[in-house]
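Student: Could you walk me through this structure and show me where its descriptions come from?

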Amino acid sequence: MPAVTRWSIRTGLLLLAAAMVVGMMQVIPGSGGLPYPSYLHLITVGWLSNLIFGVAHWMFPRASAAQPRGDERLAWAGWGLLNAGLLCRLVGESFPIPETLVASALLQLLGVWTWAAHLWSRVKGK
Amino acid sequence: MPSLSVWSVRASLTWLAVGALMGALILARVPLGHPEWGAWIPAHAEIMLMGWMVQLAFGVAHWILPRQPTAEGRGLLAPVVAVVVLLNVGVVLVVTGHLMVGRTLETVAALGFALQGIPRIRASGWGATGKEGDLVRLKKRVEMV
């Protein structure tokens, strides 16, 4: 299992645990917590997307003999951008700071597009 | 990866790129001065759930589930092509506001996927059956490694 896959899955598990805490705080009266969109995106972006991208990077067909998993720098960039964007979202929705939400939108968009571009070359027949 | 999975996974990545752009605009709608973009949330959710995640699962499952011991190891091609086409047309229709027709097509696609996939959900590979001969082969393989 390549390093970026290990880190994606670890990050995903950590964010899944965070999502469960946020979800519990939403149903315990008086415990405050993050708004519902934060909870939803912790699960879909933080957990599911990290898991999917990490496993796809590991398991999809080889890009070439020289670079079996393609340019791994793209995978690292996608992982970093996506998770930095998600953290910005959590901050921006906790303390309404408009600039943080714009930064989050940009970082997550670049992260997803980077992962999609990286995986695109690996989606092919034998 | 079979060609149908290639098309299905590429279509899912395309929906992902579109859905992410839509999501970014929704998230930044207030600072950008367009609060009305919040109306796109249901379309964003539909694209990300059905266009991206469900379709990715369909494509990868078609590729990776055990093949049947027949000439058409992954089943007949036409029904699986129909599943992918119906799913994508369904997502387009739901996103453009044709909810009833779109959801109907998505439902037919999901049923079609389940019907053609169920026969492939079976014990396969080293140690998968748990029977004596299979376990002996598994043990030999582990020892080789």
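Student: What share of the contacts in chain A with a separation of 6 or more comes from residues 24 or more positions apart?
Tutor: They account for 72%, where a contact means two C-beta atoms, placed from the backbone, within 7 Å. This is a predicted model, with local features needing pLDDT of at least 70, side-chain atom pairs pLDDT 80 or more, and totals for chains, interfaces and linings using all residues. Residues are numbered from 1 along each chain as its sequence is written, chains are lettered from A and ligands numbered from 1 in the order written.

Student: What makes up the secondary structure of chain A?
Tutor: Chain A has 4 helices and 0 strands, counting DSSP runs numbered from the N terminus (H or I, at least four residues, for helices; E, at least two, for strands).

Student: How do you know that the span of helix 3 of chain A agrees with its number of residues?
Tutor: The expected span is 1.5 Å times one less than the number of residues. For the 23 residues of helix 3 (residues 72-94) that gives 33 Å, and the end C-alpha atoms are 33 Å apart, so the two agree.

Student: Why are helix 1 and helix 3 of chain A called roughly parallel?
Tutor: They pack at an angle of about 15°, measuring from 0 to 180 degrees between N-to-C directions of axes fitted to C-alpha atoms over the stretch in contact. Angles under 35 degrees count as roughly parallel, over 145 as roughly antiparallel, 65 to 115 as roughly perpendicular and the rest as oblique, so these two helices are roughly parallel.
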